[in-house]
Amino acid sequence: MAIAGCSSKPGGYYRDDGPGGRPPVDLDKVADAQPRVEPLNPGANNPYAALGKKYTPYRSLKPHRERGLASWYGRRFHGKRTASGERYDMYAMTAAHTILPIPSYARVTHLGNGRSVIVRINDRGPFRTDRIIDLSYAAAHRLGVVQAGSARVEVEAILPGKTSAAGEPESPREPLRPRPA
């Protein structure tokens with residue numbers, strides 16, 4: 001499993017982890033992921049440990065909403081296997097999350113500028129305690145996160161066939177994580 005977003009920097013990205021020489025010209029036109037029913041990957045949803053911390057992913061689709069810091073990962077992981085077994089494509093609308101099921105979908109909203117994208121969760125991470133999601137380069141670009149390297153976001157699970165999961169009546173909400181210092 002690739003460990004994404006492990007930079008010790010507070011924002012920005014590793015010098016060699018940018019988009020590379022020629023990113024696709026139409027990154028603004030990369031479509032959101034299209035939520036659909038998919039069988040969950042049993043191996044990718046088992047409990048695991050990373051960097052000394054234990055994680056228990058959801059083993060079914062369920063409501064989930066949280067706020068915190070998003071970061072992104074790019075060229076250093078491009079083409080490498082994700083936790084789902086797929087190859088990471090930094091120009092696809094995907095993301096890594098520690099506990100959302102693989103595969104699943106989430107709406108990520110940049111709290112500073114209101115931009116929103118839908119990503120497909122197909123990897124695990126980030127494993128820094130101050131981050132809640134690692135976005136693909138394309139998703140980070142569409143949200144306006146690339147230059148800063150990180151941004152405050154809201155992550156909301158999407159159940160296929162519904163606009164949002166956390167907004168459904170009587171659905172539990174995950175506690176909002178405190179803002180990093």
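## Close-up views of a predicted model

**View 1. Serine 84 and the residues it touches.** Setting aside neighbours within four places in sequence, serine 84 is in contact with Asn41, Ile102 and Asn122. Keep in mind that this is a predicted model. You'll find serine 84 in the loop between β3 and β4. Is serine 84 buried or exposed? Its relative accessible area is 16%, and buried means under 20%, so serine 84 counts as buried. Its side chain also has a polar atom that lies 3.2 Å from the backbone nitrogen of glutamate 86.

**View 2. Arginine 81, a residue of the loop between β3 and β4.** Arginine 81 sits in the loop that links β3 (65-73) with β4 (94-96). With a relative accessibility of 46%, arginine 81 is classed as partly exposed. Which backbone oxygen does the side chain of arginine 81 reach? That would be the one of glycine 85, at 2.7 Å. Now look at aspartate 123: along the chain, arginine 81 and aspartate 123 are 42 residues apart, yet 8.8 Å separates their C-alpha atoms.

**View 3. Strand β7 and its covering.** Strand β7 runs through residues 131-136. How many of its six residues are buried? Six of the six are, so β7 is largely enclosed by the rest of the structure. On one side of the pairing story is β3, which runs parallel to β7 and is joined to it by five bridges. Then there's β4, which is antiparallel to β7, with two bridges between them. Aspartate 134 of β7 turns up in both pairings: serine 71 has it as a bridge partner, and alanine 96 stands opposite it.

**View 4. Strand β3 and its partners.** Like β7, β3 is a strand with plenty of cover: eight of its nine residues are buried. Follow tryptophan 72 across to β7 and you'll meet leucine 135 standing opposite. β3 also pairs with strand β8 (residues 150-158). In which sense do β3 and β8 pair, parallel or antiparallel? They pair in the antiparallel sense, over seven bridges. One pair to pick out is glutamate 66 with its bridge partner in β8, valine 155.

**View 5. Tyrosine rings and what lies by them.** The structure has seven aromatic pairs. In one of them, the rings of tyrosine 48 and tyrosine 55 have centres 5.1 Å apart and planes at 20 degrees, so this pair is stacked. Tyrosine 48 and tyrosine 55 are both buried. Add Phe127 and you have an aromatic cluster made of Tyr48, Tyr55 and Phe127. For another kind of neighbour, find tyrosine 58: lysine 62 lies over the face of its ring, at 4.8 Å from the ring centre.

**View 6. Stepping back to the whole protein.** Put together, the protein has one helix and eight strands. Where does the helix come in the order? Reading along the sequence gives β-β-β-β-β-β-β-α-β, with the helix between β7 and β8. Of the 181 residues, 50% are buried. The accessible surface comes to about 9,000 Å², and carbon and sulfur atoms account for 51% of that surface. Finally, take the contacts between residues at least 6 apart in sequence: 76% of them join residues at least 24 apart.

Conventions
Residues are numbered from 1 along each chain as its sequence is written. This is a predicted model: local features need pLDDT of at least 70, side-chain atom pairs count only at pLDDT 80 or more; totals for chains, interfaces and linings use all residues. Side-chain values use heavy atoms; hydrogens and water are left out. Rings of Phe, Tyr and Trp (its six-membered ring) pair if their centres lie within 6.5 Å; planes under 30 degrees apart count as stacked, over 60 as edge-to-face and the rest as tilted. Buried means under 20% relative accessible area, exposed over 50%, partly exposed in between (1.4 Å probe, protein chains only). A charge sits over a ring if NZ of Lys or CZ of Arg is within 6 Å of the ring centre and within 35 degrees of the ring normal. Helices (H or I, at least four residues) and strands (E, at least two) are DSSP runs, numbered from the N terminus. A polar contact is a pair of N or O atoms within 3.5 Å; within protein, one must be able to donate a hydrogen and the other to accept it, and residues adjacent in sequence count only if both atoms are side-chain atoms. Contact means heavy atoms within 4.5 Å. Accessible areas come from the Shrake-Rupley method with a 1.4 Å probe; for residues, only the protein chains shown count as cover. Two strands pair if DSSP finds at least two bridges between them.
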